[in-house]
Structures are given as C-alpha cells and as structure tokens.
Amino acid sequence: MKLGLISHKAFEELHIPEATRPWMEAFENPNRIKLTREYLHNSGLLENPNLKSFDCKPATREDITRVHNPYLFDVVNELSSLGSGEVGSSSFVVKDTFKAACLSAGGAISAVEEVNKNSIETAFALIRPPGHHAGIGHSEGMCYFNNCAIAVRWLQEKKKVRRILILDLDAHACDGTSQIFYTDPTVFCLSFHEYGMEAIERGWLEEIGSGEGEGYNINVPLPYGTWGNAYRWAFEQIFPDILRDFKPEMLIVSFGFDTHYSDPVGNMNLQAEDYAQLTRIILQLGKEVCGGKITFILEGGYSLLALPLSIGTVISTILDTEIKYFDKIPEPEKIPKIVKDVTEEIQNIKKQYL
Ligand SMILES: [Zn+2]
C-alpha cells in the first residue's frame with residue numbers, strides 16, 4: 001500500500017476554541033479537517049486504491065509523558081474537564097481539548113507505527129490540534145502536546161529506532177520540537193520558516209543545539225513574502241545534504257501549510273504546486289536515504305480554501321496522480337538576495353558542525 005491516511009471523524013467535532021476576535025472563527029478549528037476530507041473525497045483521492053485510511057487511537061499518559069512534564073498532561077486534562085482555561089500563549093483549553101490533543105498525538109504514533117512495520121510505504125497524519133510549538137513543560141501557539149516528538153520517542157522506546165530526522169515546513173519555527181531535542185544527537189531538527197514571527201522569538205540561525213546535540217538543530221529563517229521559487233531553492237541547497245549526512249532510519253515531515261499565500265496567519269507566498277515539488281524531492285531522497293520510510297504530520301495551515309488543496313496536492317503527489325490547481329499565480333523570477341545570504345550562513349554551520 002502506497003499511502004496510509006491516519007485521521008479520525010472526531011477531529012471534525014472536538015475542541016472548538018473561541019475566536020480571539022469577534023465574528024471570526026478561531027484559526028485552528030474542526031473545519032480544517034472536515035473540509036480537507038471533503039476535498040479528498042470529491043477529488044477521488046480518498047477512494048484511490050493505493051490509499052488506505054486508518055482511525056487514530058488516543059495516545060496514553062505514558063506516551064505523552066515520555067516527552068512532556070506530567071504536570072502539563074494533568075493541567076490540560078483538568079482544565080478541559082472544567083471547560084475553559086489557558087495553558088500557554090494562544091493555547092486556550094475548551095471542552096474536549098484534552099480528548100482532541102490525545103487523539104492527535106495518537107494519530108502521529110499510529111502513522112509512524114504503520115510506516116515502521118511496512119504496512120504502508122508512506123503515512124500522512126491528518127490530525128489536529130497541531131503540536132510543534134509545545135515544549136517539554138508548556139503548550140503554546142494552538143499546540144497542546146507535541147505530536148511529532150511523542151511519535152519520535154515512541155519509536156525510539158518501543159521500536160528501538162534510533163536516528164530520526166524531523167523536517168519542519170510550517171511557516172513558524174518548530175520551537176517546541178527543537179527544545180525537546182536540543183541536546184539529543186539522535187534526533188535532527190531542520191526547520192524552514194519565516195523570520196521571527198510575532199510572539200515567537202525563536203528559530204534563529206544561532207540555535208544549533210547544545211551539548212551532545214550541538215549541530216543537530218538547524219534553522220532556516222526566510223524573509224516575509226518568500227515565493228515558492230526562492231523557498232524551493234533554499235530547500236534544495238540544504239535539505240539533501242543534511243539528510244544524506246545524518247542518514248536517519250525514518251524521516252518525519254512536520255508539514256504546515258500556513259506558508260500558502262492566502263493563509264491568514266503566515267506571510268509567505270507558496271502555492272499548491274510548490275508543495276508538490278517539495279513532496280517529490282522528499283519522496284525521492286527519502287527513498288534513497290531511509291528506504292522510503294517517510295511520515296507526514298499535519299501542523300498549521302488556516303486558510304480553509306488553501307488547506308484542503310495543499311494537503312490534496314501532497315497526497316496526490318505521493319499517489320502519483322494529477323489534481324487540478326486552482327490557486328496558480330505568477331511568481332517573480334529573481335531569487336531574493338537575502339535567501340542567498342541565509343543559505344551561505346547555513347552552509348557555514350554545516351561545515352562547522354556536521
Ligand atoms: Zn504555523
């Protein structure tokens with residue numbers, strides 16, 4: 001089976017945070033999954049014979065506290081049963097937040113589990129809430145538990161998989177994921193994102209890991225408004241070398257689609273075709289380096305028009321089928337100089353630490 005799609009109907013119902021502004025839906029809401037599933041169905045992808053759907057199971061306390069402080073697990077649980085509270089910046093707890101967060105983390109575990117036992121070649125975890133801002137003892141930025149990190153520690157402890165590379169392609173830095181693995185040389189964190197987004201003052205070039213983990217955390221901060229051509233260029237300069245040098249046993253892609261030009265939260269200018277091209281490179285290199293063991297985990301992406309199309313594009317690329325893009329806009333020809341500067345700095349870091 002080519003692709004496993006790991007999700008659950010409950011994501012369309014659980015955890016409906018209040019909007020931070022009147023008349024608006026909260027950015028991270030059940031429609032993200034509902035509309036994506038509808039799009040996958042309407043475009044025929046969900047019924048593709050090479051796609052198998054799996055239902056998530058909730059992660060357990062043991063799974064979650066392999067990564068997080070037990071206090072965080074308990075406080076999300078307790079506030080959720082009370083029906084309201086705040087557990088971190090932009091992380092509001094409402095009824096069933098805990099249920100959704102456990103199910104989301106469980107979805108990430110199921111995805112890596114199926115890939116690891118070769119029941120499928122590639123997995124896509126269509127889950128919410130996202131996870132990559134959640135650190136060891138804190139929730140943040142609409143993330144409660146770090147789904148990707150929980151899946152990594154599960155793989156390491158239960159399946160003795162040692163070396164894992166996390167490629168984070170959300171518009172925001174994976175500051176929670178980086179914090180969790182900052183001193184750990186067995187997990188490489190590579191993050192492409194916008195320069196310091198408001199309230200997230202992390203993700204800079206200088207953050208390269210520490211202690212034994214030094215050199216195993218690489219940030220590629222890109223300017224506001226970066227177009228797909230510049231983004232892909234920076235990506236191709238950096239990702240293949242790091243993947244080939246590190247040689248992980250599994251590649252996990254924390255994929256956020258708030259880099260799309262129509263996203264209300266991010267400020268980048270990618271479009272669906274860029275996600276197809278990035279996915280092609282990831283699949284080809286993942287095959288070469290780690291026997292095709294690749295797991296995609298959904299992070300952000302808040303445009304309810306762009307998110308279904310963007311995910312559909314990744315899935316159709318994995319399945320090697322065509323879908324129609326309706327978001328095509330012309331992009332400028334020149335690659336901004338600033339991206340070259342960033343890339344030169346990254347090459348220097350690689351020379352020094354890898
Ligand atoms: Zn994001």
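**Notebook: strand β1 and its surroundings**

Started in the middle of the sheet: I looked up β1 and β5 and found them running parallel, joined by four bridges. Worth writing down at once: this is a predicted model. For one concrete pair, I picked L3, whose bridge partner in β5 is T122.

Then I checked the other neighbour of β1. With β2, β1 pairs over five bridges, again in the parallel sense. Here I noted S7, which has D55 as its bridge partner in β2.

Next entry: is β1 buried or exposed? Five of its five residues come out buried, so the strand is largely enclosed by the rest of the structure. I wanted to see that face by face. L3, L5 and S7 are buried on one side, and G4 and I6 are buried on the other, so to speak a strand covered on both faces. That fits the general picture, in which side chains of a regular strand alternate between the two faces of the sheet.

Zoomed out to the whole sheet. I count off eight strands in an open sheet, in the order β2-β1-β5-β10-β9-β6-β7-β8, with parallel pairing. Which strands sit at the edges? They are β2 (51–55) and β8 (217–222), each pairing on one side only. From one strand to the next the twist averages 15 degrees.

Followed β5 across to its other partner. Strand β5 (residues 122–125) is joined to strand β10 (residues 294–298) by four bridges, and the two run parallel. A125 has I297 as its bridge partner in β10.

Then I looked for helices on the sheet. α4 packs there and touches β1 (3–7), β2, β5, β9 (250–255) and β10. The direction of α4 makes about 175 degrees with that of β5. α7 also packs on the sheet, touching β6 (164–168), β7 (187–194), β8 and β9. For α7 I noted an angle of about 175 degrees with the direction of β7.

One residue in α4 caught my eye: E114, in the helix spanning residues 97–116. Why does E114 count as buried? It has 21 C-beta neighbours inside 10 Å, and the cut-off for buried is 20 or more. Leaving out neighbours within four places in sequence, I find E114 in contact with G4, F54, S119, I120 and A123. F54 is 60 residues from E114 in sequence, yet their C-alpha atoms are 9.5 Å apart in space.

Last local stop: the helix pair α7 and α8. Helix α7 (residues 228–246) packs with helix α8 (residues 272–290) at an angle of about 10 degrees, the axes being 11 Å apart. That makes the two roughly parallel. On the α7 side I listed G228, Y231, R232, F235, E236, P240, L243 and R244, and they meet D274, Q277, L278, I281, L285 and V289 in α8. Sorted by class, this contact has eight nonpolar, two polar and four charged residues.

Closed with the whole chain. There are ten helices and ten strands. The radius of gyration is 18 Å, close to the 20 Å of the globule rule for 354 residues, so the chain is as compact as a globular protein of that length. Its C-alpha atoms fill a box of roughly 50 × 45 × 45 Å along the principal axes. Of the 354 residues, 52% count as buried. Among contacts between residues at least 6 apart in sequence, 76% join residues at least 24 apart.

Notes: Residues are numbered from 1 along each chain as its sequence is written. This is a predicted model: local features need pLDDT of at least 70, side-chain atom pairs count only at pLDDT 80 or more; totals for chains, interfaces and linings use all residues. Axes are lines fitted to C-alpha atoms, for helices over the stretch in contact, and angles run from 0 to 180 degrees between N-to-C directions. Angles under 35 degrees count as roughly parallel, over 145 as roughly antiparallel, 65 to 115 as roughly perpendicular and the rest as oblique. Two residues are in contact if their C-beta atoms, placed from the backbone, lie within 7 Å. Ala, Val, Leu, Ile, Met, Phe, Trp, Tyr, Cys and Pro count as nonpolar, Asp, Glu, Lys and Arg as charged, and the others, Gly among them, as polar. A residue is buried if 20 or more other C-beta atoms lie within 10 Å of its own, exposed if 12 or fewer, and partly exposed in between; C-beta atoms are placed from the backbone. The radius of gyration is taken over C-alpha atoms; the globule rule is 2.2 Å times the number of residues to the power 0.38. Two strands pair if DSSP finds at least two bridges between them.
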